[in-house]
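Me: Could you take a close look at the salt bridges in this structure and tell me which parts of the chain they link? I would enjoy one connected walk through them.

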Amino acid sequence: MLPPGQIEVERLRVLNISSVPDIEIDDYVLRVTGKVANELELSYEDLTSMDHVEIEIPAHCVEGWSVLGIKWEGVSAEKIMLMSDPGNSEFVLLKSLDGYSTSVPVEYFRRGILALKMDGKTIPVEHGFPVRAVIPDLYFWKSAKWLCEIEFTDKYQDGFWEEKGYHETGDVWLEQRRK
Ligand SMILES: Nc1nc2c(c(=O)[nH]1)N[C@H]1C(S)=C(S)[C@@H](COP(=O)(O)O)O[C@H]1N2
Ligand SMILES: [Mo]
């Protein structure tokens, strides 16, 4: 089903704030920081050897196009929360290797995935290899590519697009495009 104000398109359009970052996979680490009982540092190998889940999450770009039926496979956000114990944190700030960041309420983040595969294959680098956070029911700018840090907080903080007026939550069904 399409959320209000969206039209369906065949494929993803690549949208980056700058160029695709250089990835040295042996040096890659995903950090889990902020208001957590256990800070985590996970290598790509750590992530690939953990239990994986597979979920279908459409991509809804705030500019009005949607790609339905994309399958994502990887580590559930729920698992990361079990391991790090963020208590009653309310937000995560997702940070990426290209300097991008975006803010996501924990109640949405917990239903998301740290995706390592897209439609059965390792995620193409332009779509976020090695790890992409994919969050259901939020506009696709909240799905950070090249993810390198998940910071749990109590207080909302603007990310890249939020600072430019895009919505704190960004729920597609409520059409929360701008603040
Ligand atoms: N790290 C990072 N993640 C990002 C972006 C970006 O520039 N850098 N752009 C966002 C925006 S605005 C959109 S619409 C989608 C585009 O995803 P795609 O290039 O895989 O289609 O990625 C989101 N995630
Ligand atoms: Mo976007």
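Reply: Happy to! A residue counts as buried when its relative accessible area is under 20%, as exposed when it is over 50%, and as partly exposed in between. Please keep in mind that this is a predicted model. With that in hand, K142 and E162 are a good place to begin, for both are buried. Their side chains form a salt bridge, with 2.7 Å from N to O. K142 sits in the loop between β12 (132-134) and β13, while E162 belongs to the segment after β13, so this pair ties together parts that are 20 residues apart in sequence.

Next comes R110 with E78, a salt bridge whose closest N and O atoms are 3.3 Å apart. Here, too, distant parts of the chain are linked: R110 is in the loop between α3 (106-109) and β10 (113-118), E78 is in helix α2, and 32 residues separate them. R110 is partly exposed at 35% relative accessibility, and E78 is partly exposed at 35% as well. As for its surroundings, helix α2 (residues 77-84) lies across β2 (29-34), β3 and β13, and runs at about 135 degrees to β3. Those strands belong to an open, mixed sheet of five, ordered β3-β2-β13-β8-β9.

E175 and R177 also meet through their side chains, at 2.9 Å from N to O. In this pair E175 is partly exposed, with a relative accessible area of 37%, whereas R177 is buried at 17%. Finally, K95, E149 and E151 are joined into one network by salt bridges that share partners. Across the whole structure, the search finds nine salt bridges.

Key: Residues numbered from 1 in each chain as written. Chains lettered and ligands numbered in written order. Predicted model: local features only at pLDDT ≥ 70, side-chain atom pairs only at ≥ 80, totals over all residues. Heavy atoms only, no water. Pairing = 2+ DSSP bridges. Helix = DSSP H or I, 4+ residues; strand = E, 2+ residues; numbered from the N terminus. Contact = heavy atoms within 4.5 Å. Axes fitted to C-alpha atoms, helices over the stretch in contact; angles between N-to-C directions. Salt bridge = Lys/Arg side-chain N within 4 Å of Asp/Glu carboxyl O. Buried < 20%, exposed > 50% of the residue type's maximum accessible area, 1.4 Å probe, protein only.
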